[in-house]
Amino acid sequence: MSDLIDQGEDSHPKMNRRRWLQGLGIAGTAGLAGCTGGDGTDSPTSTSTEPDPEATEPDTPTATERQELPERTGPYQRTIANAASTLNPLYNNVDGVGTLIGYTMDMGYTFMPGTEFLPQLYDLSSDNGEVWVAELRDNLMFGGEYERQVTAEDFVYQVQEIHQSSWAGTPDSPNWPTGEEGYNIEQTGELEFQIELPSSNVLYPESYEPLLYAIPKEIMEPYVAEEDSQGLQQDEDLLELTFTGNLGAYQLDEWNRGSAQIFSRNDDYYLRDATDVDPLFEEAPYFEGIESQVVQEEASRLGALETGESDVAGLPPNRVSEFQQMESVDVNITPTPFQSLITWNMRNNGWNTGPGNLFRDRSFRQGLACAVSKNQVVQGIYRGFADPAYTFQPEWSTFYPEDDSAIDQWGTGDLYGPEPARSRIRDAIEDTDYSYDGQGRLLNPDGDQCTITLHHSASSNTNQSLAEFIAQEYEENAGIVVETTATQSSQFLTNYFQQEAPEGETEWNAGPFNRGPRDVTSAESWDMTVIYGYNTYPLNPTVSDVFFLQDGSTNPQGYYPQWDAEELYNQANNATSREELADAMVEIFVNLNQAQPIGMLTFSSNTIGYAADIEGPIEDFFSGWDFPAWYRED
Amino acid sequence: MGMEWYIVRRVAWAAIVTFIIVSITWGLMMAAPNPNVQQAVTQAALAGDDPEAAAERAEERLGLDRPAHERYLDYVVGIYTFHWGWSESRNQPVTVALLQALYYTAQYSVPWTILTILIGPIVGLYSAANQYSWKDHVATGFAFFGYAIPNFFFGIILLLIFGVTLEWIPVIYQTDVPVFSLANVNQLAVPVFVLVTGSIGGIMRVSRNESAEYVNADFVKTARAKGVSTYKIYFQHILRPTMVPLSTTMVSQLLALFTGASLLVEVVFSIPGLGTTLYRAITAQDTSLVLGSTLFFTFIATIGNLLQDLVYTMLDPRISFEDR
């Protein structure tokens, strides 16, 4: 697996196939709202201000408060930068396209502000975290040629015959492992099925792994019989979403490849009858339809928002203040879980400026963390649309340590500047032949100033600016010369991040990004990079073990924790209650704050412009969970 | 043995050229790494699976494990039976994708071509008739401006002025308006204007220079002496011989713009035509659609050349089919 994201300004943090569903936690909530409408949202370059405690509840007045429900109005109009290549829910792995599919059919469940679970198609519950029972709503209906009630059999069949098959190759298949450590899914009633995990996982819903679409068994059967993956991918009903019945707030009327998707309002939307959601859903949706147009040119997308032809557009940071001045547009700044960071290479082909790799020393890393001003990164590089990062979790996460004093704020206040940086580096080099000269330059044993390289993305100006700023700060505050070099991200992944396959057995081999101990190295030497950022998974941070365990699958930098990471992650992974899990995670994040295994810099925000008369969007990670209840103010 | 035989030979040659180009394109695409296989390998690597096994599975699934000649033969047979494959990036048959795109491209290409053919030579002729006067300079300046300014940039500027600031035209191209409607004229006016200004420059200059040769020619003087009207002199005695060399420029320029500049204009104005379809197919490495589009553009180019030759012979009676 990989949890890497490009830190480039021109690319949205892309989901890999295993994580794209988890990504819905980010994109889906925002995406349901149509926020993935433009490239502008694709830049991890925006800012959030302090987490807004008020924003944990939707600011849309509820039906009870307003006495009467909103009027229906014309269509919700949005633009997307790239045309969808498929709307087949079994094979889509693009988050923005998931939004389009989501208009016509909800997935199993979602989360509301405050990480509150909302059962959509099914509820999920477990006594011990090992066996999860899914209970379907009883009013879910397929439509078109497949008109009938949705049953548990449809989900079980989909998992067993498609995702757990060897031929279908769906993006979701890694979520449904088979074999000894596999997941066992069984139908236990007409509207009930259960998933048995090999071990307890109290955050299983938050992992998004059990998130499924309802697909009629009859559509899948012929392809299962023939093991015809191509046929399944090209099936007309799946591509044109003809079977969605009452499963979504809208129905797909027209998919004009390359130009537009037109949806019309669904009068039979199943959540209208639900008593466990906002009363606003009683008459939802309130738009007559949705018109989603493909507009590749950013200037045109922004122009459309300005003239009212579009109700939403992602805003590039340099245009945010301009749109904030407009009466016709409301700008939302929503936090993301993506962390921008510096990766230090602790393997044997890193720190090429003298004997002994200083990145391996915790005190040295802390010194480097003090050398870069996070506030200046936020203001100067991300134009104020980001938050400083001190540990591997955003502050709004429920797993962030409540006791702030346990988290040192490296790179801000007293912990920023030449003195805190050099004092920690001096501690690190105390017993070595490295030294500082009278001019504050860090000298290697040969008496030369230490010079290291920093790779940045060749296709991102923001990433390049970040690298240049870091180089300047390291030289000024730590006395280390940094040479920046532009590299294509895919080339970096192959030649630098992935290690070459070692000859013979190694102590561990966790895949291409961690094939073994530090003497197992990549094809090319490297010191530092800012090309990739990491997803911090605030809903289910237990998966961060892949970055910070010695044998974690995404540990290309060769970090060896000097705290009991394995034990703490074990505690978290085997916890039987959320409290137990949270205790372990908080301890992990305090340790990560001290260890600084990577140079944690900022958490980016999305900046999204909405037409001012649209009621519903909130400045929260979970904005968009209630998109069917959004409406246009009279 | 006259024009019919000439057309048959030209069409046959066009078919051969098309075949060669398609074969070369197929060869180049096949030599490039297959994106689906690459994707499978990357995903396997990221998931910690065996990339080589993933590549093998993907090749098997895509039929790439078969000998190249079999795949080539299948492809060629498919081309001539209109089975141009399945577009992976649009999930529909390639022929359907191209027809859908052509529907939108034709809506602006037809008026653009007609206007270019009409306006370009007339402006050139006007310039030639008023050589070195302020009118000539204005016409030349206009032509050079349109020729020099990049179409996509000009398009964005006009879109911002007329779409965003003045709100006279829609910023987003609407696919659902009827073809023959004022709304469609309104949304296509600016892209057509951008393309026309971009394409008349070269045509205007050639027609001006060629016309200038004839303005003071003996046969023109004779016609004037005989009392032939000015309009007749310009349109019949000067424009006709001018059109012979001009037709070559016109076809090649329109073809170049059709495949190049129109693509950028389609991207700027969000027109889902052939240009954007080809562009997206290339960026998505959608082999079938790239090949289909290439075939289509090759077809257009060969037909264009054929028409050019035919127009040439019609405009210049001295050209004989027998000599060819």
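These exercises walk through a predicted model with worked solutions.

Residues are numbered from 1 along each chain as its sequence is written, and chains are lettered from A and ligands numbered from 1 in the order in which they are written. Local features need pLDDT of at least 70, side-chain atom pairs count only at pLDDT 80 or more, totals for chains, interfaces and linings use all residues, and side-chain values use heavy atoms, with hydrogens and water left out.

**Exercise 1. Profile the chains**

Task: State the helices, strands, burial and accessible surface of chain A, then those of chain B.

Solution:
- Step 1. Take the elements, which are DSSP runs numbered from the N terminus: helices are H or I with at least four residues, strands are E with at least two. Chain A has 17 helices and 23 strands. Chain B has 13 helices and two strands.
- Step 2. Take burial. Buried means under 20% relative accessible area, exposed over 50%, and partly exposed in between (1.4 Å probe, protein chains only). In chain A, 65% of the 634 residues are buried. In chain B, the figure is 47% of 324 residues.
- Step 3. Take the surface, from the Shrake-Rupley method with a 1.4 Å probe; for residues, only the protein chains shown count as cover. Chain A has about 22,200 Å² accessible, and carbon and sulfur atoms hold 39% of that. Chain B exposes about 16,300 Å², with 68% from carbon and sulfur atoms.
- Step 4. Add the extent of chain B: its C-alpha trace spans about 85 × 60 × 35 Å along the principal axes.

**Exercise 2. Find the nonpolar patch**

Task: Which residues form a nonpolar patch on the surface, and which element gives the largest share?

Solution:
- Step 1. Apply the rule. Patch residues have over 30% relative accessible area and no salt bridge; like charges are joined within 9 Å, nonpolar side chains (Val, Leu, Ile, Met, Phe, Trp, Tyr) within 5 Å.
- Step 2. List the members: Val110(B), Ile114(B), Leu115(B), Leu118(B), Ile119(B), Ile122(B), Tyr231(B) and Phe235(B). Together they have about 740 Å² of accessible area.
- Step 3. Assign elements. Two or more residues each come from α5 (94–129) and α10 (230–259) of chain B. The largest share, six residues, is from α5(B).
- Step 4. Check one member. Leu118(B) sits in helix α5 of chain B. Its relative accessible area is 48%, so Leu118(B) counts as partly exposed.

**Exercise 3. Dissect helix α17(A)**

Task: How far does helix α17 of chain A reach, and what do its buried residues pack against?

Solution:
- Step 1. Take the length. Helix α17(A), residues 578–595, has 18 residues.
- Step 2. Compare spans. The first and last C-alpha are 25 Å apart, close to the 26 Å expected at 1.5 Å a residue. The expected span is 1.5 Å times one less than the number of residues.
- Step 3. Pick out buried residues, including Leu581(A), Met585(A), Ile588(A), Phe589(A) and Leu592(A).
- Step 4. Find their partners. They pack against α10 (362–371), α15 (545–548), α16 (565–573) and β21 (599–611) of chain A. A contact needs heavy atoms within 4.5 Å.
- Step 5. Look past the end. Gln596(A) follows, with a positive phi near 45 degrees.

**Exercise 4. Enter the core**

Task: Which residues touch the most other members of the largest nonpolar core?

Solution:
- Step 1. Define the set: buried Ala, Val, Leu, Ile, Met, Phe, Trp, Tyr and Cys residues joined through side-chain atoms within 4.5 Å.
- Step 2. Name the residues. Among 88 members, they are Tyr76(A), Leu87(A), Tyr122(A), Phe155(A), Phe193(A) and Phe243(A). Helix α4 (residues 152–163) of chain A gives the largest share, six residues.
- Step 3. Note the other core. It lies apart, has 78 residues, and includes Phe359(A), Ala428(A), Leu568(A) and Phe603(A).
- Step 4. Trace Phe243(A). Leaving out residues up to four places away in sequence, its contacts include Pro89(A), Met105(A), Phe142(A), Tyr146(A) and Ile219(A).

**Exercise 5. Work through salt bridges**

Task: Which side chain is buried and which is partly exposed in the salt bridge of Lys217(A) and Glu221(A)?

Solution:
- Step 1. Confirm the pair. A salt bridge is a side-chain nitrogen of Lys or Arg within 4 Å of a carboxyl oxygen of Asp or Glu. Lys217(A) and Glu221(A) meet at 3.6 Å, N to O.
- Step 2. Place them. They are four residues apart in helix α5 (residues 217–226) of chain A, so about one helical turn separates them.
- Step 3. Read accessibility. Lys217(A) is buried at 17%; Glu221(A) is partly exposed at 33%.
- Step 4. Repeat for Asp267(A) and Arg265(A), which meet at 2.3 Å, N to O. Asp267(A) is partly exposed at 45%, whereas Arg265(A) is buried at 10%.
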